[in-house]
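Subject: Structure handover

Hello,

Here is the structure we talked about. Please load it first, then read the notes below.

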Amino acid sequence: MEHCFCFSTTMTILPATKHYLPILTSRSCTSGSTRRNCNRAAFIEVSAFSYQNFIDFALNETKLHTNLSPSPLQDKYRSLKAFDGKTQLQMLSFQAPKIRLLRSLNIDAGETMQVLDFAAFPTPQYDLPIFCANFFSSSSMNIVVLDLNPLHDVISHMDYREKYYQSLMPLGSMYAELLPWGGKITSESLRFFSPIVLWTKFTSSSYHHNVLYSAFMDYYKAWLQLMQQADEDVDASRINCNCEAQHKYLIWRVEKDPGQQILKKLIGEANAKDLLKNFLFNGIDELGSKTFLDYFPEYQCADGTINDKRSIIGKSFESRPWNDSEGMSVRIQKIWPTNP
Ligand code: BLA
């Protein structure tokens with residue numbers, strides 16, 4: 001399969017064979033082929049699909065920009081086998097002078113499911129966005145969030161928005177066209193997303209997976225560039241703000257991440273909770289002392305416990321709430337005037 005992939009001058013060109021992504025979907029039968037042949041072809045492709053090359057790319061690229069060393073978490077979190085005896089969970093974690101934690105979780109359940117959760121959290125001296133790639137793929141459907149999650153609110157902090165996102169708007173707009181808005185979304189999640197967020201759903205195809213791979217590479221390269229240029233905050237109150245913002249983000253995700261249910265099914269409730277708190281969203285105990293309900297009091301039940309609903313407001317935003325044509329202006333403000 002000779003596929004060369006190129007969209008525009010800003011986009012990464014995939015080398016024709018090395019990075020070609022086998023697809024996770026079944027092929028449509030050609031007129032001469034039997035259903036049996038079609039299924040076999042689909043199986044061959046499915047079994048080869050993996051997010052491993054996303055991780056390989058990210059790690060190699062990171063090494064070009066900084067001195068990456070293994071995280072102390074690497075000893076405990078390496079690989080796990082799920083209860084089904086087949087699904088593999090692979091974990092990797094690193095740190096670098098400006099990166100508190102760079103970690104990935106790759107779930108390989110063959111043709112039934114592939115998951116990539118890849119994130120980079122800055123050290124608190126830097127107000128850098130959090131790199132966030134969450135890709136869930138079943139045999140037919142893909143659920144994707146790719147973003148440089150803002151550490152500080154991009155609506156009230158216009159300076160923050162301009163500092164990190166102004167120059168990336170053309171990149172975001174280009175990919176938002178290729179990977180259109182995925183429909184209604186938990187409203188609370190949007191507070192953690194930037195104007196260049198890619199929230200999308202698509203059926204599996206080599207085209208979509210190639211676009212996603214390109215987007216991942218371009219977004220990660222953009223994040224690395226921001227990381228390399230970032231100046232250290234020296235003011236104690238600014239560092240405190242960075243700590244608290246990251247803490248709030250981590251607490252939200254530990255408590256409300258949509259991946260929780262699947263993790264619990266795969267490895268049991270206790271292991272899933274441990275993985276979420278101590279690996280995926282590590283840092284809660286070090287970066288702050290507030291509780292989930294301190295940050296999100298609207299989730300408090302009458303008996304003082306946390307409401308286990310994922311969303312209090314509900315799902316909204318049928319279409320992309322950021323108005324790209326107006327550059328940095330934000331329609332979300334009009335829809336959601338009470339945004340924190
Ligand atoms: C769905 N994952 C989603 C959705 C979002 C995210 C927005 C759509 C459903 C919704 O509106 O909540 C991702 N949400 C995020 C991210 C942030 C957020 C990145 O608030 C950041 C602040 N996802 C994973 C892992 C798995 C996974 C590890 O990260 C599986 C092990 C699965 N995500 C998953 C599944 C769905 C989903 C199965 C669809 C099911 C659902 O909507 O509940």
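Two strands pair if DSSP finds at least two bridges between them. Keep that in mind for the sheet. Note also that this is a predicted model.

**The strands**

Start with β3 and β4. Strand β3 covers residues 88-96, and its pairing with β4 is antiparallel, over eight bridges. Within that pairing, F94 has L102 of β4 as its bridge partner. L89 is bridged to I107, also in β4. Two residues separate the strands, and β3 and β4 form a hairpin.

How many residues of β4 are buried? Nine of the ten, so to speak, in a strand that spans residues 99-108.

β4 also pairs with β5, residues 113-122. These two run antiparallel and are joined by nine bridges. One facing pair is L105 and D117, the latter in β5. β4 and β5 make a hairpin as well, with four residues between the strands. In that hairpin G110 has a positive phi, near 60°.

Now the other pairings of β3. β1 is joined to β3 by two bridges, and the two run antiparallel. There, S69 stands opposite Q95 of β3. β2 and β3 also run antiparallel, with three bridges. S79 stands opposite Q90 of β3. The hairpin of β2 and β3 has six residues between its strands. In it, G85 takes a positive phi near 80°.

D75 is in the loop between β1 (69-70) and β2 (79-81). Is D75 buried or exposed? Exposed: the relative accessibility of D75 is 63%. Its C-alpha lies 9.7 Å from that of L92, and the two residues are 17 apart in sequence.

**The ligand site**

Next, the ligand. The residues around the ligand number 22. Which of them come nearest? N134, T186, S189, W252 and R310.

Some polar distances for your setup:

- T186: a polar side-chain atom is 2.6 Å from an oxygen atom of the ligand.
- S189: an N or O atom of the side chain is 2.7 Å from a ligand oxygen atom.
- W252: a polar side-chain atom lies 3.2 Å from an oxygen atom of the ligand.

The ligand taken alone exposes 850 Å², and the protein buries 88% of that. Five elements give two or more residues each to the shell: β5, β6 (130-138), β7 (141-149), β8 (185-186) and α7 (236-256). β6 gives the most, with three residues. By class, the shell has 13 nonpolar residues, four polar and five charged.

**S137 in β6**

S137 sits in strand β6. S137 counts as buried, at 0% relative accessibility. Its side chain makes a polar contact with the side chain of Y51, at 2.6 Å. S137 and I107 are 30 residues apart in sequence. Their C-alpha atoms are 10.0 Å apart in space.

**Helix α8**

α8 runs over residues 260-267. Which residues of α8 are buried? They are Q260, L263, L266 and I267. Why do they line one face of the helix? Seen down the axis of α8, the buried residues fall within an arc of 130°, so they share one face. Q261 and K265 are exposed, on the other side of α8.

**One backbone angle to look at**

Most residues other than glycine have a negative phi. F317 has a positive one, near 70°, and is not a glycine. F317 is in the loop between β10 (315-316) and α12 (332-335). The relative accessible area of F317 is 9%. The cut-off for buried is under 20%, so F317 counts as buried.

That is the handover.

Best wishes

Methods:
Residues are numbered from 1 along each chain as its sequence is written. Side-chain values use heavy atoms; hydrogens and water are left out. Buried means under 20% relative accessible area, exposed over 50%, partly exposed in between (1.4 Å probe, protein chains only). A residue is near a molecule or strand if one of its heavy atoms lies within 4 Å of it. A polar contact is a pair of N or O atoms within 3.5 Å; within protein, one must be able to donate a hydrogen and the other to accept it, and residues adjacent in sequence count only if both atoms are side-chain atoms. Accessible areas come from the Shrake-Rupley method with a 1.4 Å probe; for residues, only the protein chains shown count as cover. Ala, Val, Leu, Ile, Met, Phe, Trp, Tyr, Cys and Pro count as nonpolar, Asp, Glu, Lys and Arg as charged, and the others, Gly among them, as polar. The arc is that of the directions from the helix axis to the C-beta atoms.
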